[in-house]
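Hi,

Here is the structure I said I would pass on. Have a look at it first, and my notes follow underneath.

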Amino acid sequence: MKKKNIIAVMVVAMLLTVSLYFVGGTYARYATSFNGTAEAEIAKWAVALNKGGNASSFTTELKFTENANVVTGKIAPGVTASTEVEIKLQGTEVAVEIKADDVTEVVKNALSAIDIQDINDHDITVTASVDGGTLEVSGDGVSAPMVISLPDDGAQGFGADAIVKVKLEVKWANNDLHNVDHTKIGEKGGTLSIPIKFTAQQHID
């Protein structure tokens, strides 16, 4: 090949290389980054005891049913006593369910606390009702929850008048088959203190 032709080939090669470079530049993609924030308001939880504060525990006095055979304010076989607790839902923006823990062992422990040993919780039961719906606190395990739905089909939260009334009832049923155990409790006397635990939590279907 003559020297002149060699130079021409080199020039063509160089031009081809430069042309490919510019074609590649023409096909570069445009790119812009954007930053965004997803926002959602959090539903409020404001459940509290209606006792002038947000205390999580309380001690309450029982009101006894009239019984001419037992001193007023005392419990014995055949006597029932009850009290009422109010739970505020004002400002809460989710449906609420209320559950009560089993108190079978709690009653036994309460009897042990006044030195009543080696007997069962014979015939002393605790039940609760939430606005008329019964929670069987004295059964095995935790009670089925009582659901309080949001007003207006969920269009709004609970208003200022949203108060749930929980009625606690302690009953000592008479059972002649358990007279020995009942007598032991009566002979010892003292105060029977039975702690009851309620849980209010968000209801999820």
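Before the strands, one bit of vocabulary: two strands count as paired if DSSP finds at least two bridges between them. By that rule, strand β2 (residues 63–64) pairs with β3, in the antiparallel sense and over two bridges. Within that pairing, Lys 63 has Ser 82 of β3 as its bridge partner. Keep in mind that this is a predicted model.

β3 itself covers residues 79–88, and it is mostly covered, with seven of its ten residues buried. β2 has company there: strand β1 (residues 48–49) is also joined to β3 by two bridges, and these two run antiparallel. If you want to find that spot on screen, look for Leu 49, whose bridge partner in β3 is Ile 87.

Then there is strand β8, residues 163–172, which pairs with β3 over ten bridges, again antiparallel. A handy marker here is Thr 80, which stands opposite Lys 171 in β8.

The other thing I looked at is Ala 110, which sits in helix α2 (residues 104–113). Is Ala 110 buried or exposed? Its relative accessible area is 7%, and the cut-off for buried is under 20%, so Ala 110 counts as buried.

What does Ala 110 touch, leaving out residues up to four places away in sequence? The contacts are Leu 192, Ser 193 and Ile 194. Take Ser 193: in sequence, Ala 110 and Ser 193 are 83 residues apart, yet their C-alpha atoms are 5.9 Å apart in space.

Over to you!

Technical notes. Residues are numbered from 1 along each chain as its sequence is written. This is a predicted model: local features need pLDDT of at least 70, side-chain atom pairs count only at pLDDT 80 or more; totals for chains, interfaces and linings use all residues. Side-chain values use heavy atoms; hydrogens and water are left out. Helices (H or I, at least four residues) and strands (E, at least two) are DSSP runs, numbered from the N terminus. Buried means under 20% relative accessible area, exposed over 50%, partly exposed in between (1.4 Å probe, protein chains only). Contact means heavy atoms within 4.5 Å.
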